[in-house]
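Please open the model in a viewer and keep the sequence panel visible. The tour goes from the whole chain to selected residues.

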Amino acid sequence: MATKPLDRLMFTQGGLCFFCKKPLSESEASVEHLVASANGGNNHHDNCVVCCEALNSLFGSMSLKEKIQVILNQRGQFVCPGSSGPSKSASRASRSLSEKLELIIADLHKRGAARPRTVKTLASTISALFQKHLPGAEVSSLVEELRARGVVIIDGAKVTYALPPKVA
Ligand SMILES: [Zn+2]
């Protein structure tokens with residue numbers, strides 16, 4: 001029986017990420033402290049889960065409350081950042097909300113300094129990303145969702161960004 005905390009957690013979780021249930025390879029598995037060490041969390045089994053490295057780094061030293069918020073924001077189908085989720089082959093327009101947001105955020109990362117600067121160009125960028133298959137209302141709700149998550153900051157017609165950390 002494995003004794004390292006990571007190995008023990010991998011065993012008890014059946015080798016799956018605690019949050020997205022994706023099978024974890026050794027290189028992407030990391031121990032997440034639910035109450036972060038920086039916030040006084042301990043190393044006991046009850047405070048630790050093994051999950052995708054990308055999510056662990058996104059969580060950083062967020063409070064448990066903030067983490068729960070991130071989890072609830074995914075609305076039932078949790079996808080860790082950087083993971084393409086189960087329906088890789090599905091057309092982009094039929095992906096889940098979280099997958100769409102992930103695609104948009106990845107696209108925004110790629111654009112670097114050339115990100116859209118207005119709500120209007122952001123909406124048309126999103127529309128183009130989905131080959132214009134999304135109804136206008138859905139594009140607006142994706143923009144709203146990005147705003148609600150704090151990824152984009154909308155000030156009148158202008159847009160600035162606070163993208164989550166980039167995942168390789
Ligand atoms: Zn995961």
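The stops below cover the overall fold, the cores, the salt bridges, a surface patch and some loop residues.

**Whole chain**

Begin with everything displayed as a cartoon, bearing in mind that this is a predicted model. The protein has 6 helices and 4 strands, and from the N terminus they follow the order α-β-β-α-α-α-α-α-β-β. Along the principal axes, the C-alpha atoms fit a box of roughly 55 × 35 × 25 Å. Switch to a surface: about 9,500 Å² is exposed, and carbon and sulfur atoms supply 57% of that area. Of the 168 residues, 38% count as buried. Among contacts with a separation of 6 or more, 51% join residues 24 or more positions apart.

**The largest nonpolar core**

Next, select Ile104, Leu122, Ile126, Phe130 and Leu146 and show their side chains. These five touch the most other members of the largest nonpolar core, which has 20 residues. Which elements give two or more residues to this core? They are α4 (97-111), α5 (119-129), α6 (136-148) and β4 (158-161). The largest contribution is from α4, with 5 residues.

Centre on Ile126. Apart from neighbours within four places in sequence, Ile126 contacts Ile104, Val139, Leu142, Val143 and Leu146.

**The second core**

Now select Cys48, Cys52, Leu55 and Cys80. They are among the 18 residues of a second, separate core.

Add Ala54, which is in helix α2 (residues 53-59). Ala54 counts as buried because its relative accessibility is 12%, under the 20% cut-off. A distance label from Ala54 to Lys67, C-alpha to C-alpha, should read 14 Å, for a pair 13 residues apart in sequence.

**Salt bridges**

Stay on Lys67 and add Glu32. The structure holds 6 salt bridges, and one of them joins the side chains of Lys67 and Glu32 at 2.7 Å, N to O. Lys67 is in helix α3 (residues 64-73) and Glu32 is in strand β1, so this pair ties together parts 35 residues apart in sequence. Are the two partners buried or exposed? Both Lys67 and Glu32 are buried.

Move to helix α6 and select Glu144 and Arg147. Their closest N and O atoms are 2.7 Å apart in a salt bridge. The two residues are 3 apart in the helix, so about one helical turn separates them. Both count as partly exposed, Glu144 at 38% relative accessibility and Arg147 at 39%.

Then select Glu145 and Arg149, which form a salt bridge with closest N and O atoms 3.1 Å apart. Here Glu145 is buried, with a relative accessible area of 9%, whereas Arg149 is partly exposed at 24%.

**A nonpolar surface patch**

Select Val35, Leu64, Ile68 and Leu72 with the surface turned on. Together they make a nonpolar patch of about 330 Å². Val35 sits in the loop between β1 (29-33) and β2 (48-52), and its relative accessible area of 30% makes it partly exposed.

**Two loop lysines**

Finish with Lys21 and Lys132. Lys21 is in the loop between α1 (5-12) and β1, and its phi is near 65 degrees, a positive value in a residue other than glycine. Lys21 is exposed, with a relative accessible area of 52%. Lys132 is in the loop between α5 and α6, where its phi is near 60 degrees, again positive in a residue other than glycine. Lys132 counts as exposed at 62% relative accessibility.

Key: Residues are numbered from 1 along each chain as its sequence is written. This is a predicted model: local features need pLDDT of at least 70, side-chain atom pairs count only at pLDDT 80 or more; totals for chains, interfaces and linings use all residues. Side-chain values use heavy atoms; hydrogens and water are left out. Patches are made of residues with over 30% relative accessible area and no salt bridge: like charges are joined within 9 Å, nonpolar side chains (Val, Leu, Ile, Met, Phe, Trp, Tyr) within 5 Å. Accessible areas come from the Shrake-Rupley method with a 1.4 Å probe; for residues, only the protein chains shown count as cover. A salt bridge is a side-chain nitrogen of Lys or Arg within 4 Å of a carboxyl oxygen of Asp or Glu. Buried means under 20% relative accessible area, exposed over 50%, partly exposed in between (1.4 Å probe, protein chains only). A nonpolar core is a set of buried Ala, Val, Leu, Ile, Met, Phe, Trp, Tyr and Cys residues joined through side-chain atoms within 4.5 Å. Contact means heavy atoms within 4.5 Å.
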